[in-house]
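Q: Could you show me how to read a metal site and a pocket in a model like this one?

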Amino acid sequence: MTATYITTTIPYVNARPHIGHALELVQADVLARHRRGRGDAVRFGAGTDDNSLKNVLAAQAAGVGVQEFVDRNAEAFAALGGALSLTVDDFIRTSRDPRHRPGVERFWRACAGDLYRRRYEGLYCTGCEQFYPPAELRDGRCPEHETAPEQVSEENWFFRLSRYAGPLREAIATGRLRIEPAGRRNEVLAFIDGGLADFSVSRPAGRAGGWGIPVPGDPGQVIYVWFDALCNYVTALDYDRDGEEYRRWWAGDGNRVHLLGKGVLRFHAVYWPAMLLSAGLPLPTAIFVHDYLTAGGRKISKSAALDLGALEPAALAAGYGADAVRWWLLREVPRAGDADFTVGRLAARSDDELANGLGNLVHRVTAMIHRYRDGQVPGPGQLPPGGADLDAAIRQAPGLVAAALDEFDFRQATAAVRAVADQANRFINRARPWDLAKADGGRDQLDAVLHLLVRACRALGRELAPFLPDAAARITRQCTPRDGRLPAPSPVFRRLAPRAGPQGPASPSRTPRPARVPAESGSAG
Ligand SMILES: [Zn+2]
């Protein structure tokens, strides 16, 4: 059984989660569910980066103690698991988890041969928690935050990154460490080829407000938050005591897959692998990099003009359903390139593809089984005339989904599932079951048509499971006989947008509204 360890990055908790955080969690959840479904042993790790200087500053600005502030926001991140139907196996919090600090200390000691102390002067962006060479600034400002960095002069511990250019390049170029999409791999290779400078891995404890993990043997310094945070991928696996989980999920020959945003690529594809090489640990096997979401055309982290409460994934899921939120993230966000979120787009995508597409199909098919066969699904027979395309779409879907997810292409994977629903809707219109029901001698053919359509709906229930676990369960329930009969048809998805007219945006509601049944099915349902 292949062991696959899938992680998201652990976000700073200087604020509550927004829709951008949900993207990575949902993508990781899809991969975890899909691999579990095909029999892999999977561990899905997530968490929060509590030990950031950024958290300290945000707590001070809010007039709240750092631990209280961090706890409050970290809980909101942990609660996304339930809100978005995530199958997170382990949620690590770097300030509280008893496994973390001893693990980081062990990792630090394992890198001792590459650590040295020196005085450093540079331009520091607290938002990024990193020093910037002047050449990387834009008009003297941080390219990520557009704020002016601080001039800092201090004594730090440094990590000898310069030693690892060759081995890193080899691992990435050969695909031993796979970086997707290819544009990101090329970006990392170009960065390595530009020359790797040693980087600072500690901060004076005073500047960090005493927050963070002290450097072993040098308590006047705390470990740089990035060094600390990156270690979470192994400290969450009891690396501190070289435990069984560490040996199974990291040191074994399985897959180690990191998901991350483009802004932290360098940390994950250069610093972290170099740290692992230095400590004598295996490298990740794959890194998938997503781009950013904007909301209504604005960068979400530059939040002043946005109603962030309305962008909280838990609030969106409560208002529109976890299925709709997940579906928007999986369908609309491209493999490379930014995507813009609005509630209107979320509702339109859900109504068009889920309520009108998938949901309407399942409703039509189960309604016909009730109308024409008293709820009993006909047994398998000949493939009905005109059913070849649908039969092919059903057969091909699992392979297409797997191939797309191996490429981290969530749009392509969901398109393969949608193709089954599209073919099924087309087939209904061609086969005209309502005419067969009236025709003399149409009985066997109607049975064959209905059987194929139920097969299509059951395939949707199976193939949707990694993407929309809640809806998939509802579809499967609708298509599974109880005491020989299918349950009475009920809507699988509710419509989110107002039906017509200028009433304004959809208002969140917990009451399911039935999917609209288009006119052409009138004679069938
Ligand atoms: Zn910055």
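A: Let us begin with the metal, keeping in mind that this is a predicted model. The zinc ion has as its protein donors Cys 125 (SG), Cys 128 (SG), Cys 142 (SG) and His 145 (ND1), which lie 2.1 to 2.3 Å from the ion.

Q: What is the geometry of the site of the zinc ion?
A: The site is tetrahedral, with angles of 97 to 117 degrees among the four donor atoms.

Q: Which spacing do the donors of the zinc ion follow along the chain?
A: The donors follow C-x2-C-x13-C-x2-H. Distant parts of the chain are linked by the pair Cys 128 and His 145, 17 residues apart, with Cys 128 in the loop between strand S4 (115-125) and S5, and His 145 in the loop between S5 and strand S6 (150-159).

Q: Why does Cys 128 count as buried?
A: Cys 128 counts as buried because its relative accessibility is 8%, under the 20% cut-off, whereas His 145, at 24%, counts as partly exposed.

Q: How should I read a pocket, and what is the volume of the second largest one?
A: Rolling a probe the size of a water molecule over the atoms shows where empty space is left. Here the second largest pocket has a volume of about 510 Å³, and of the 19 residues that line it, Glu 144, Glu 187, Lys 262, Gly 263 and Arg 266 lie nearest its centre. Strand S5 (130-132), helix H7 (182-193) and helix H11 (265-279) are the elements giving two or more residues to this lining, and H11 gives the most, with five.

Q: How many residues of each class are in the lining of the second largest pocket?
A: The lining has nine nonpolar, two polar and eight charged residues.

Notes. Residues numbered from 1 in each chain as written. Predicted model: local features only at pLDDT ≥ 70, side-chain atom pairs only at ≥ 80, totals over all residues. Heavy atoms only, no water. 1 Å grid on protein atoms, 1.4 Å probe; cavity = no way out; pocket = protein on both sides within 12 Å on 5 of 7 lines; lining within 4 Å. Points joined across faces, edges and corners; volume = space filled by probe spheres on them. Helix = DSSP H or I, 4+ residues; strand = E, 2+ residues; numbered from the N terminus. Nonpolar A, V, L, I, M, F, W, Y, C, P; charged D, E, K, R; others polar. Donors = N, O, S within 2.8 Å, 3.2 Å for Na, K, Ca; no water. Tetrahedral: all angles 85-135°; square planar, octahedral: opposite > 155°, others 65-115°. Buried < 20%, exposed > 50% of the residue type's maximum accessible area, 1.4 Å probe, protein only.
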